[in-house]
Amino acid sequence: MAYPTRIRYGLRLLMRLASQGGRRLSIGSVAVEEGVSVKYLEQIVNLLRPLGIITSTRGPRGGYELARDPAQVTLESIFDSLGGLTAPVPCLDAPAGCSRTPVCMTRPFWLEFDAHMRKYLRSQTLRDLMPNAPGEMDAAAKFPILERIPLPAPERTGLPGAYCDVAAPPALRKRKSL
């Protein structure tokens, strides 16, 4: 299941803001650091603003900051506001649209899968994603790097050369084959 870039970039934006400890960040600086266009980040900010989790200040010392404690911002609310919390199969949102709904043998699986996913997103906050949360190991220990993938050449993107680290979630770290 792939989630829209709005969610991925929105989470990255919110994590940047959460890690600033109250300091404001300009959309331009986040855009450069994250390799995302300013216009796209502005669209994401406009979707997040109704949640009341970010505020903006105009002027020379202006920018964006979190309006709420990261521990109060659930991933479910972020996914909902950015339009990405959809059912894994269409018949869960519109059962009448599928003629197989009454006899579908896989529908109970999809219902349970959807319920687990939503419960997990409700239980996770921005603070849970931040490195060194109280009582937590740091992010590098949580998700060790499996592979380092070079991003497109700087001359094509206009951004400094960078790498994308592919990390292993805890469930996969125990496998010997990785």
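Here is a short chat about salt bridges and helix packing in a predicted model.

Mentor: Since the model is predicted, local features need pLDDT of at least 70, side-chain atom pairs count only at pLDDT 80 or more, and totals for chains, interfaces and linings use all residues. Residues are numbered from 1 along each chain as its sequence is written, and side-chain values use heavy atoms, leaving out hydrogens and water.

Trainee: What makes Glu34 and Arg12 a salt bridge?

Mentor: The rule asks for a side-chain nitrogen of Lys or Arg within 4 Å of a carboxyl oxygen of Asp or Glu. Here N to O is 2.7 Å, so the pair fits. Glu34 sits in helix α2 and Arg12 in helix α1, 22 residues apart; helices are DSSP runs of H or I, at least four residues, numbered from the N terminus.

Trainee: Why is Glu34 called buried?

Mentor: Buried means under 20% relative accessible area, exposed means over 50%, and partly exposed is in between (1.4 Å probe, protein chains only). Glu34 has 18%, so buried is the word.

Trainee: And why is Arg12 called partly exposed?

Mentor: Arg12 has 32%, which falls in between, so partly exposed fits.

Trainee: How do you know that Glu76 and Arg122 form a salt bridge?

Mentor: Their closest N and O atoms are 3.2 Å apart, and the limit is 4 Å, so they pass. Glu76 is in helix α4 and Arg122 in helix α6, 46 residues apart. Glu76 is buried at 16%, while Arg122 is partly exposed at 43%.

Trainee: How many salt bridges does the rule give?

Mentor: The count comes to 6.

Methods:
Helix = DSSP H or I, 4+ residues; strand = E, 2+ residues; numbered from the N terminus.
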